[in-house]
Amino acid sequence: MHSLRPRLSNPVRFSFKFCKNCTRQLSQQAQGPLETENDWTDFQQTRTSLKTLMDAMSQYGSTQTSQWSLRDSLHRPTKDATLSALLASGAHFGHASSRMNPNFLPYAYGTRAGITLIDLDHTLPLLRRAAKVVRAVAANDGQIVFIGTRADIRPVVQKAAQRLGTQGFHVGDRWLPGTLTNKWQMFGHETVRSKRIVPDLVILLNPIQNMNAIQECALSNVPTIAIVDSNVDPRIVMYPIPANDESPRTAEIIAGVLSIAGREGIAIREAETQRMRMAVDSAWEDFNKMQVMQDARQPQRSDAEAFDY
């Protein structure tokens, strides 16, 4: 068994050579089975020596406190998107330049290899504007619907709606035509009168496949937010976000930012409601104290004085 001694002039260099030898021995022993008792003894001695060396030399190294890992944009989305995150998700890839909608030209950066490149310098501010809209709608107790009818983005709309609690809804399979324009026959008169059927905001992750929903929102005066690709007219929705609508990672980032903004709006509304409740309670306590003080200041009259002749 090898051991370290304080008399070593350069323990770091020795440990490096010894570690290489131990690693080489372990790799050679791992290539074949341990057939004899001596092979097993050598394997144990080498492993024990390597562990002893690592324990002895750990004081010369650094301590790793964190470990890098790819962020889970579906379950742990970021509050604010960045250009690097959008670029890494492929949000700048559009469709073929021959399929580009003429009205999409202000959001196009250029073309490369016949593919339209989306200008992310326009995407980021428009995403932040949409986040402000979602935050304001949620803060005013508005209902928000996320629509994503592709199989790869169905979990995205489900998670986004769950972050908004009772104010969030999602459509992951198919938008039924007439959901808004024919709500009286679809849901019934009692349901329409007693419940809120028409949402306050609709967010679409694949607008081309949900043109019926966009048309019904326009007829019902419901504002819409959508990921708009290069083959889509940005004017079909009220708040377009130019990006690649076929990338699930891009959908995760955008839906995560918007859903977190909605959750912040709900928190703002709850904080405002709590503040108003405390203000009312404080005013009521002050009123009761004033009543008690006024009653204490009034002189006490006897029964004879209180009797009206």
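These are my notebook entries from a look through a predicted model.

**Entry: the three-stranded sheet**

I began with the antiparallel strands. They form an open sheet of 3 strands in the order S1-S3-S2. S1 and S2 are at the edges with a single partner strand each, so one side of each has no neighbour in the sheet. I also looked up the turn between neighbouring strands here, which averages 30 degrees with direction ignored.

Next I went through the pairs. S1 covers residues 93-96 and S3 covers 115-118, and 2 bridges join them in the antiparallel sense. On that side, I found Phe-93 opposite Leu-117 of S3. S2, residues 108-112, pairs with S3 over 4 bridges, also antiparallel. There I noted Thr-111 with Thr-116 as its bridge partner, and Arg-112 opposite Ile-115.

Which residue in the hairpin of S2 and S3 takes a positive phi? I found that it is Ala-113, with phi near 55 degrees, in a hairpin that has 2 residues between the strands.

**Entry: the five-stranded sheet**

I then turned to the parallel strands. Here the model has an open sheet of 5 strands, ordered S5-S4-S6-S7-S8. Which strands stand at the edges? They are S5 (168-171) and S8 (239-242); each has a single partner strand, so one side of each lacks a neighbour in the sheet. From one strand to the next, the twist averages 20 degrees.

I checked S4 against S5 and got 4 bridges, with the two strands running parallel. Ile-147 is opposite Val-171 of S5. I also saw that H9 packs on this sheet, where it touches S4, S6 (201-204), S7 (224-228) and S8. The direction of H9 makes about 160 degrees with that of S7.

**Entry: H4 against H9**

H9 has a helix partner too, so I looked that up under the packing of H4, residues 120-139. The axes of H4 and H9 are 7 Å apart and make an angle of about 35 degrees. The crossing is right-handed. From H4, I listed Leu-127, Ala-130, Ala-131, Val-134, Arg-135, Ala-138 and Ala-139 in the contact. From H9, the contact residues include Ile-254, Val-257, Leu-258, Ala-261, Gly-262 and Glu-264.

What sort of residues make up this contact? I noted 12 nonpolar, 2 polar and 3 charged.

**Entry: Pro-248**

I wanted a closer look at Pro-248, which lies in helix H9 (residues 248-297). Is Pro-248 buried or exposed? Neither label fits: its relative accessibility is 30%, so Pro-248 counts as partly exposed. Leaving out residues up to four places away in sequence, Pro-248 touches Asp-152 and Ile-153. I also checked Pro-248 against Arg-154: 94 residues separate them in sequence, while their C-alpha atoms are 9.7 Å apart.

**Entry: Arg-150**

Last, I looked up Arg-150. Where is Arg-150 found? It sits in the loop between strand S4 (144-147) and helix H5 (154-163). The relative accessible area of Arg-150 is 19%, and the cut-off for buried is under 20%, so Arg-150 counts as buried. Apart from neighbours within four places in sequence, Arg-150 is in contact with Asn-206, Asp-245, Glu-246 and Ser-247.

Conventions:
Residues numbered from 1 in each chain as written. Predicted model: local features only at pLDDT ≥ 70, side-chain atom pairs only at ≥ 80, totals over all residues. Heavy atoms only, no water. Buried < 20%, exposed > 50% of the residue type's maximum accessible area, 1.4 Å probe, protein only. Contact = heavy atoms within 4.5 Å. Pairing = 2+ DSSP bridges. Axes fitted to C-alpha atoms, helices over the stretch in contact; angles between N-to-C directions. Left-handed = near helix turned anticlockwise from the far one by under 90°. Nonpolar A, V, L, I, M, F, W, Y, C, P; charged D, E, K, R; others polar.
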